[in-house]
Amino acid sequence: MRAINPPRELYEFARVLADAGKSCFLVGGAVRDYLLGREVSDFDVATDARPEEVIKAYKRVIPTGIKHGTVTVLFKGMEIEVTTFRTESSYADGRHPDSVEYASTIGEDLSRRDFTMNAMAFDLGARDLLDPHGGREDLARRLVRAVGDPLERFREDGLRPLRAIRFASQLGFKIEGGTLAAIGPSIVRFRLVSAERVREELQKTLLSPVPSLGLRLLEETGLLAAISPELIGCRGVEQRGMHVFDVLDHLYASVDASPPELVLRLAALLHDIGKPAAKKEKEGEDPTFYRHEEYSARDAEALLKRLRFPNAVTDEVVHLVRLHMFAYDDSWGDPAVRRFLARVGPDSLDRLFALRVADGTGIIGRPVDPRGLDPLRERIAAVLAAKEAFGIADLAVKGGDLSSIGIPPGPKMGMMLKELLETVMDDPALNERGRLLEIAGKLKPKYGL
Ligand code: ATP
Ligand code: MG
């Protein structure tokens, strides 16, 4: 086990409270991560000082969570979350503690924390570790274990089962038997937890080194069914061709193979989620999943909205899912390359290619060579280098030019600009103001102008 070695500034921070006669402990994830030798960037501190006393003791304090007894202190370039010792009584609705009560000792504060590895405190004055629940031992055994009776703790807060799996996935730990067994019976509670809290933990699970560890635990415990019946519907859906897995294992393998970026990991997890809905079977033939990318885009969008992901994330994931079935070959002419680029958008290109590589790896069950996409990359690079038009903004005419020849702004102008872009993608030489105005003039009757 590594040493707990916080920066000098944190001791200086603690000195200020000590001078006011208050104690100060580093708690939670920072202590756990120091012991594991992981990088520590968030500093959570617990103290017997009340928030108003903390506010008085430091110059720059933001009342970030004052209802819960938390303030953020900006100190010598650090952001330190300072929370007064708490006990949490009960969570009647399974969502929020009914009340937040201050505790008088660090011991009480530690016993309301979720897992033994998160329930240690490092005394910044005496410089020693308090570990009343055997956190170090569980770290050494690589176990996630609830503090106290797991059923009771999960009943208090239905998010904790998901957190147990998140930590197991992030750290590659096992979940201790009793704690694991308590997850199933706690799903009724889990269903009451707000989408935002679920999203946060799910996100961390997906960004862990091997997300399928967490995903399989979610599936085995029944949490995945509560989060996404659509994903569970992919279990046992067999596929043919090069595929070595059913749809759900294919999705897990694709997530594991994709770079640790949220949008990519989500796209990898969801890119075939609509396959069960798209599946068509005929006697004596392999099933088909024609247009499954459309079904998948629809289901992915519904799921991401339900989990309240930010619109920017949802839109990009859905976009990638919808386009993941592109099939390039060297019969594509330049107009086809420009249209592909127009549809994907230059900013999404690298992600779409990364998704394709992850998808391929999930199909055959071993890494595919990303250089397979090089020919298409080169064709696209050539289009970009020639500064050829593949978007309305690249056209040599703007809306204003069209109004000057009697085309009023509105939906018709929009359609006409699209038609001009199609023309220019077929023949880049036409992207000149005079020629485009001429073409637009000829198109007017078609648009009833
Ligand atoms: P990370 O490094 O991912 O932020 P963390 O351990 O700091 O991990 P947080 O969610 O930031 O996790 O929570 C900080 C600490 O607060 C935890 O270590 C734990 O002691 C306590 N905690 C957080 N959420 C809960 C919860 N739902 N129930 C009980 N204790 C919790
Ligand atoms: Mg944290």
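## A tour of two helical spots

Start by selecting helix 21, residues 374-385, in this predicted model. Its 12 residues, at 1.5 Å each, should span 16 Å, and the end C-alpha atoms are indeed 16 Å apart, so expectation and model agree.

Next, show the side chains of Leu376, Ile380 and Val383: these residues of helix 21 are buried. Now turn the view to look down the axis of helix 21. The buried residues fall within an arc of 55°, so they line one face of the helix. What do they pack against? Add helix 19 (334-344) and helix 20 (349-364) to your selection, as both pack against the buried residues of helix 21.

Swing round to the other side of helix 21 and pick out Glu378 and Ala385, which are exposed there. Before leaving, step just past the end of helix 21 to lysine 387, where phi is positive, at about 50°.

For the second stop, select helix 10 (residues 195-206) together with helix 11 (residues 211-221). The two pack with their axes 7 Å apart and at an angle of about 130°. That angle is neither over 145 nor within 65 to 115 degrees, and the two helices are therefore oblique to each other.

Which residues make the contact? On helix 10, display Leu202, Thr205 and Leu206; on helix 11, display Pro211, Gly214, Leu215 and Leu218. Colour them by class and you will find 5 nonpolar and 2 polar residues, with no charged ones, in this contact between helix 10 and helix 11.

Technical notes: Residues are numbered from 1 along each chain as its sequence is written. Chains are lettered from A and ligands numbered from 1 in the order in which they are written. This is a predicted model: local features need pLDDT of at least 70, side-chain atom pairs count only at pLDDT 80 or more; totals for chains, interfaces and linings use all residues. Side-chain values use heavy atoms; hydrogens and water are left out. Axes are lines fitted to C-alpha atoms, for helices over the stretch in contact, and angles run from 0 to 180 degrees between N-to-C directions. Helices (H or I, at least four residues) and strands (E, at least two) are DSSP runs, numbered from the N terminus. Angles under 35 degrees count as roughly parallel, over 145 as roughly antiparallel, 65 to 115 as roughly perpendicular and the rest as oblique. Contact means heavy atoms within 4.5 Å. Ala, Val, Leu, Ile, Met, Phe, Trp, Tyr, Cys and Pro count as nonpolar, Asp, Glu, Lys and Arg as charged, and the others, Gly among them, as polar. The expected span of a helix is 1.5 Å times one less than its number of residues. Buried means under 20% relative accessible area, exposed over 50%, partly exposed in between (1.4 Å probe, protein chains only). The arc is that of the directions from the helix axis to the C-beta atoms.
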